[in-house]
Amino acid sequence: MKGPVLKLYSYWRSSCSHRVRIALNLKGIKYDYKTVNLSKGENFSPEFSKLNPINFVPVLVDGDTAISDSFAIMMYLEEKYPQRPLLPDDLQKRAINYQAASIVSSSIQPLQGVGLMKYIGEKVGPDEQLRWGRSHITRGFSALEKLLERHAGKYATGDDVHLADVFMEPQFQGAVKRFSIDMAEFPILSRLHEAYNVHEAFQDAAPEKQPDALEELK
């Protein structure tokens, strides 16, 4: 039997990689998992740099096409593999999905990434790392809570999982596990977080279930 065509270069701790795994699961697309161990600097290897010169994960390889950046990967998947759409037909709901995804990818995740946290710890002090991370996460979550208050159903923009959900859940997990954010402060987001935890596509994409996690956590 012919194996899967797609390859996903991923690291289990990467929330950006986590998003793409959820999307692939939702669409029912099989893929080869290629580990890029960020803690060992494998993202700076010559081989990986050819795939993504900025040296971030994830990277999706589909035949001769290599796409980096989780947002770009999602849009590629949406256009080439339209089954189980990540975007709703309703234009207003689609816009809300774009906004929620952008809040996560532009206003939260980059401001509490591992590289920036390390820099703050070295230049300012370890105590400031936690304060900085919590401040930006709380600000972003407050914005998401307000954005979704008139649109949320079972999931972020109704009763089907869409792009906003795919971006938010990895951020929720990181907020709780790395920064001890109390999700009870955000009732809509907390309810969504609980819904994702019982959804198979989200469960299978969980960081601790990835092959490199299983190896690293032995």
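Is Phe186 buried or exposed, and what is its relative accessible area? In this predicted model, Phe186 is buried, with a relative accessible area of 4%, and a good way to understand its surroundings is to look at the aromatic rings.

A pair of aromatic rings is described by the distance of the centres and the angle of the planes. The structure holds 8 aromatic pairs. In one of them, the ring centres of Tyr9 and Phe48 lie 6.2 Å apart while their planes meet at 55°, so this pair is tilted. Tyr9 belongs to strand β1 (residues 6–10) and Phe48 to helix α2 (residues 46–51), so that the pair links distant parts of the chain, 39 residues apart. Both Tyr9 and Phe48 are buried.

Phe186 itself pairs with Phe141: the centres of the two rings are 5.6 Å apart and the planes stand at 90°, and because an angle over 60 degrees counts as edge-to-face, the pair is given that name. Phe141 is found in helix α6 (residues 126–148), whereas Phe186 sits in the loop between α7 (163–179) and α8 (187–197), so the pair ties together parts that are 45 residues apart in sequence. Like its partner, Phe141 is buried, with a relative accessible area of 0%. Ring pairs link both residues with Tyr155, Phe172, Tyr196 and Phe202 into a cluster.

Another buried residue is Met117, with a relative accessible area of 5%, placed in helix α5 (residues 114–123). Leaving aside residues up to four places away in sequence, Met117 touches several residues, including Leu111, Trp132, Arg178 and Gln129. Met117 and Gln129 are 12 residues apart in sequence, yet 5.7 Å apart in space from C-alpha to C-alpha.

Definitions and conventions
Residues numbered from 1 in each chain as written. Predicted model: local features only at pLDDT ≥ 70, side-chain atom pairs only at ≥ 80, totals over all residues. Heavy atoms only, no water. Phe/Tyr/Trp six-rings, centres within 6.5 Å; stacked < 30°, edge-to-face > 60°. Helix = DSSP H or I, 4+ residues; strand = E, 2+ residues; numbered from the N terminus. Buried < 20%, exposed > 50% of the residue type's maximum accessible area, 1.4 Å probe, protein only. Contact = heavy atoms within 4.5 Å.
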